[in-house]
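This report considers backbone geometry, nonpolar packing and model confidence in turn. Please keep the structure in view while reading.

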Amino acid sequence: MQQSFFSNENEANQPLAARLRPQTLEEFVGQRHLLGPGKVLRRLIESDNISSMIFWGPPGVGKTTLARIIAHRTKAEFIDFSAVTSGIREIREVMQQAEANRRFGGRTIVFVDEIHRFNKAQQDAFLPFVEKGSILLIGATTENPSFEINGALLSRCKVFVLQALGEDDLAALVKRALSDPRGFGGQKIEMPEDLPEVIARFANGDARSALSTLEMVVLNAELDGEVLRVTDETLAQCTSRKSLLYDKKGEEHYNLISALHKSMRNSDPDAAVYWLARMLESGEDPMYIARRVTRFASEDVGLADPRALQIAVAASEACHLIGMPECSVHLTEAVVYMSLAPKSNALYAAYETAKKDALEQLAEPVPLVIRNAPTKLMEQLDYGKGYQYAHDAAERLTNMQCLPDSLKDRVYYRPTEEGVEGRWKARLEQIKAWKREHAED
């Protein structure tokens, strides 16, 4: 915990991203939907009339910077709080200090970085003080607040969604760093003309990543007298591998698997392969993807193409045998196959309807006719009485009722005419017609 953002450290020794951290709203890059002229968050900051709020967005988009700008402008006491290093004891100490400040007419703003790292008990410790106005809470999180912040606390905070920075914003930021005295403005740098744009693409919406990459590029430049010469080779080496935004346990995990699933369902192999690559190159477990593709094979393709399940299971086995990176091609084969296969959700719909009946209807006993009778007593109780063995029938069909009486005419499986399932539909219609014809036999 610290009560000031200001330090006497030599700024020259700080990373470039720290030296160029915006001090005013005018210097702030991006988030025009919140900070543009007349936008709500800008008005709240400029009028010093903020309420408790949560800043939610990916890394490097300005969550902490906005808190620092508020610290400069507000007339309230500002306390910086880290969810990583602070516990219940530290929270209570700060709350007592804030309560004392309130009694003397003062305001206290508590900024909590990575608030999603607090457990329920730690978050609950803030709640009474937020409710009675002892503090104004500003939390920053990269995780969906709906999942990570207690409902009672979240309901008392305004959530502002910060977006990943666009390439134009990042390129402008890189250019400013090259001209600003706090950055490399005092140095002579010879560089490829497209350097800002290359770094902006590589940074993937993250301002901190863009500035750190620029710093690496300049530090690795060739010194020629007083000139730092950045070559295409140096730039390529420093931007050789993009860091993709991904949290295997967080919201982005579910966003990406949803994107893969829905791209396959929409018969879009290009989109499906892209989302597959995004997941694999971010470090996702290939076996997780293989399991989801296997589920898709029956949920969204089903009997429209029974081979889809075979392809999915084979890809899963290949992933198990050889792992990444080699198994990426097997998953690609499966994903493309699922995308191009005819689609039917008839099996999924059948089970979901049957599940609803199984959970909500009276749990009727199994009809006696289809019960086994392994003991004499069971035979005496008519277990299996009247059972018809289909293989003994000429058509391999009987008119025996297998559902309970209350569900006698219920239909769960409704085949489509997509792909091979059209054949199963015709077969099912033949079976039902035969049973209607022989219902009185």
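## Unusual backbone positions

In this predicted model, R396 is found in the loop between helix 19 (376–380) and helix 20 (421–437), and its phi is near 60°, a positive value in a residue other than glycine. D48, which lies in the loop between helix 3 (40–46) and strand 1 (53–56), likewise has a positive phi without being glycine, here near 50°. With a relative accessible area of 18%, D48 falls under the 20% limit and therefore counts as buried.

A further backbone feature is the cis peptide bond that joins M324 and P325, where omega is about 0°. P325 belongs to the loop between helix 16 (307–322) and helix 17 (328–340).

## The nonpolar cores

In soluble globular proteins, nonpolar side chains tend to be buried together. The largest nonpolar core of this model has 27 residues, of which L195, I199 and L214 touch the most other members. Two or more residues of this core come from each of helix 1 (16–19), helix 9 (167–179), helix 10 (195–203), helix 11 (207–219) and helix 12 (232–238). Leaving aside residues up to four places away in sequence, L214 touches L16, V174, A177, L178, F184, L195 and I199.

A second core, separate from the one just described, consists of 26 residues, among them M264, M279, F296 and A315.

## Helix 11 in its surroundings

At 1.5 Å a residue, the 13 residues of helix 11 should span 18 Å, and the distance of 18 Å between its end C-alpha atoms agrees with this expectation. At the start of the helix, a side-chain oxygen of D206 reaches to within 2.9 Å of the backbone nitrogen of R208.

The buried residues of helix 11 are A207, A210, L211, T213, L214, E215, V217 and V218, a list that includes the polar residues T213 and E215. These buried residues pack against helix 1, helix 9, helix 10 and helix 12, and also against strand 6 (188–190) and strand 8 (227–229).

## Confidence in the model

The pLDDT averages 85 over the protein, and 93% of the residues score at least 70. Over residues 1–9, however, the pLDDT is below 50, although this stretch has 20 contacts in the model beyond near neighbours in sequence. Where pLDDT is low, the predicted coordinates should not be read in detail.

Key
Residues are numbered from 1 along each chain as its sequence is written. This is a predicted model: local features need pLDDT of at least 70, side-chain atom pairs count only at pLDDT 80 or more; totals for chains, interfaces and linings use all residues. Side-chain values use heavy atoms; hydrogens and water are left out. A nonpolar core is a set of buried Ala, Val, Leu, Ile, Met, Phe, Trp, Tyr and Cys residues joined through side-chain atoms within 4.5 Å. Buried means under 20% relative accessible area, exposed over 50%, partly exposed in between (1.4 Å probe, protein chains only). Helices (H or I, at least four residues) and strands (E, at least two) are DSSP runs, numbered from the N terminus. Contact means heavy atoms within 4.5 Å. The expected span of a helix is 1.5 Å times one less than its number of residues. A polar contact is a pair of N or O atoms within 3.5 Å; within protein, one must be able to donate a hydrogen and the other to accept it, and residues adjacent in sequence count only if both atoms are side-chain atoms. pLDDT is the predictor's confidence in each residue, from 0 to 100.
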